[in-house]
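I set out to record the pockets of this structure and one packing of two helices. My entries follow.

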Amino acid sequence: KIERLGNVNVDAISEQEELEKRDEFLTGQTEDLNKSRAQLQQLINRLNRECIDKFLATFEEVRGNFQGLFRKLFGGGKADVVLEDPEDVLESGIEIVARPPGKETRSISLLSGGEKSMTAIALLFAIFRSKPSPFCFLDEVDAALDEANNERFNMIIQEFQKYSQFVVITHAKRTISIADVIIGVTMQQKGVNKKIAVTFDNVETEAEEAT
């Protein structure tokens, strides 16, 4: 039995000390990682709670704005935004439900092109009202609107001019008519584009002076 044990390892004591130090170091590292993990989890939980509170507050504000703006744009009807999974707010989808005047309540995907545009405009401005910005760029958002809806869209634009400046890219004459400045591109000579700007700021003043 002694022969099978082989030669005595004279370095066994020093090796044991090294292994004990290594074990102590790794144990400390594991404890640090566990503490860091617990702190990160606490931070995530706190951030999730704050995100849920802020999201729900903003969601309810946007929801109220959307309902009011939808009725303005459509001249009646009802609309709403609802959470698909209220139990998991941060991962939940949002369903947009709209009922234009004289129609049944339906998902936005079932509306006509013009109705979709108007509903999207109502939602856009509902979000914009909750947190306005100095500038807003709109690119052909009124392209699918008929004249009556375009008139209501213009009314909303003029209402929001109190808070922001709008740059609107459009071909609709009714939208162009409410602008303070019109900038267009023309080709008076073949192959030569020319930018033209027209300002309407002083039209009423000049008319009064002329009178």
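I looked first at the second largest pocket, whose volume is about 220 Å³. The model is predicted: local features need pLDDT of at least 70 and side-chain atom pairs pLDDT 80 or more, while totals for chains, interfaces and linings use all residues. Residues are numbered from 1 along each chain as its sequence is written, and side-chain values use heavy atoms, with hydrogens and water left out.

I noted the terms for pockets. On a 1 Å grid over the protein atoms alone, a pocket is an open set of points where a 1.4 Å probe fits, with protein on both sides within 12 Å along at least five of seven lines; lining residues have an atom within 4 Å of a point. A volume is the space filled by probe spheres set on the points, which are joined across faces, edges and corners.

I listed the lining of the second largest pocket, which includes Phe55, Phe59, Ile94 and Lys131. Helix α2 gives the largest share, five residues. Helices (H or I, at least four residues) and strands (E, at least two) are DSSP runs, numbered from the N terminus.

I then turned to the largest pocket, of about 600 Å³. Its lining has 18 residues, with Phe166, Val167, Val168, Ala179 and Val181 nearest the centre. Strand β5 supplies the largest share of this lining, five residues.

I last looked up where α2 (residues 12–74) meets α4 (residues 147–160). Among the residues in contact (heavy atoms within 4.5 Å) are Leu73 and Phe74 in α2 and Phe153 and Ile156 in α4.

How values were computed: Axes are lines fitted to C-alpha atoms, for helices over the stretch in contact, and angles run from 0 to 180 degrees between N-to-C directions.
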